[in-house]
Amino acid sequence: MITDSKYMRRALSLAGRGAGFVSPNPLVGAVVVKDGKIVGEGWHKEFGGPHAEVNALGSAAEQAEGADLYINLEPCSHQGKTPPCTDMILRSGIKKVIIGMKDPNPLVNGKGIAFLRHHGIEVHTGILEIESKKLNEVFIKFITTHLPFVIFKYAMTIDGKIATVDNASRWITGEESRKIVHRLRSNMSSVMVGADTVLYDDPLLNVRLEGKQRRSPLKIIADSSLRIPLDAKILANEPQLCLIAATEKADKNKVLDIRKRGGQVLICAEKDKRVDLPDLFARLGKMDIDGVLLEGGSTLAFSALKEGLVDKVIAFVAPKILGGASAPTAVGGSGIAAMEDAINLRDIKIRKVGSDLMIEGYII
């Protein structure tokens, strides 16, 4: 069991290398072990590319005969963009497969395991299952609900402010925290803000990390009446990755102007004079947007929380005090009147990042 955990941890580590490149596919790593030694390994590197098992078995070549295969997610048994991985496992001569978790995809969901066992391959499941599910939490929600996994991320001072009374917000947190945010952006298929965030901050919402080139996320702006200016940075830089969610009250000529610049405009249903978020998120799911990093503003955040669309919260708390009764906070809107109705978090983790605190938890 200890040995199984060792190799499964390696598979999970390899799987993580695909973050930001494989969505809406899952993160998968595979390790081939023979006579107590790793003889092959691989991971799913990009959407549409070979799966982890294929890369690992290719790495092992003829040494796969009689070896054990460790993989954090059940291998597929159906024809998709690539052939079934179970067929290759069978042909390779692997004698035992150790799996972290069953694939929740209805097209798989135990069929891969059943296929391997039917053909005489020994199969063990549930090795580091909790860690496997944590790694693929975005995929699990998306494949089972067809809705994106939503992370609400914000940075605030120790007195709960996300900007000054004059709406200045750069920079609340330190450089280490900002690097984590850029990694979050690079790992998610989209990042979302409200129109006010664009009007006040004029952000790029891109990924600024040194090293390996990473895929930029889709930039989503909830702007029911298309208030953002046409010269906003978000439209000037990679306009093809900018999607503005509006309603029928948006100016039709401005819709055309944005589309001429390469941006996308999605006309959504309206609720309480704003974009109907459940409608928007359902449509994002149909577009294969499996994850949303919600970065503000406060009204949009409250609406998403109230509608039950947020799965996870990540807050960065800086050791600064701004004060000001009118200074904005991370969550605005109409608020919750009764303490017993407060939105609670579970599985809280707190760690120090530079001089800041990073707090993360899941909506109960």
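**Briefing: a surface patch, a helix and a loop residue**

Leu 345 is found in strand 15. The model is predicted. Three topics follow: a nonpolar patch, helix 1 and the residue Gln 63.

**The nonpolar patch**

- Leu 345, Ile 348, Ile 350 and Leu 357 make a nonpolar surface patch of about 340 Å².
- Strand 15, which covers residues 345-353, gives the most to this patch, with three residues.
- Leu 345 has a relative accessibility of 32% and therefore counts as partly exposed, since partly exposed residues lie between 20% and 50%.

**Helix 1**

- Helix 1 runs over residues 2-15, and its 14 residues should span 20 Å at 1.5 Å a residue.
- The end C-alpha atoms of helix 1 are 20 Å apart, which agrees with that expected span.
- The buried residues in helix 1 are Asp 4, Ser 5, Tyr 7, Met 8, Ala 11, Leu 12, Leu 14 and Ala 15.
- An α-helix has 3.6 residues a turn, so residues three or four places apart point the same way.
- The buried residues of helix 1 pack against four strands and a helix: strand 1 (29-34), strand 2 (37-43), strand 3 (68-73), strand 4 (96-101) and helix 5 (129-135).

**Gln 63**

- Gln 63 lies in the loop that sits between helix 2 (52-60) and strand 3.
- With 39% relative accessibility, Gln 63 counts as partly exposed.
- Leaving aside residues up to four places away in sequence, Gln 63 touches Lys 34 and Val 39.
- Gln 63 and Ser 92 are 29 residues apart in sequence, and their C-alpha atoms are 9.0 Å apart in space.

How values were computed
Residues are numbered from 1 along each chain as its sequence is written. This is a predicted model: local features need pLDDT of at least 70, side-chain atom pairs count only at pLDDT 80 or more; totals for chains, interfaces and linings use all residues. Side-chain values use heavy atoms; hydrogens and water are left out. Patches are made of residues with over 30% relative accessible area and no salt bridge: like charges are joined within 9 Å, nonpolar side chains (Val, Leu, Ile, Met, Phe, Trp, Tyr) within 5 Å. Accessible areas come from the Shrake-Rupley method with a 1.4 Å probe; for residues, only the protein chains shown count as cover. A salt bridge is a side-chain nitrogen of Lys or Arg within 4 Å of a carboxyl oxygen of Asp or Glu. Helices (H or I, at least four residues) and strands (E, at least two) are DSSP runs, numbered from the N terminus. Buried means under 20% relative accessible area, exposed over 50%, partly exposed in between (1.4 Å probe, protein chains only). The expected span of a helix is 1.5 Å times one less than its number of residues. Contact means heavy atoms within 4.5 Å.
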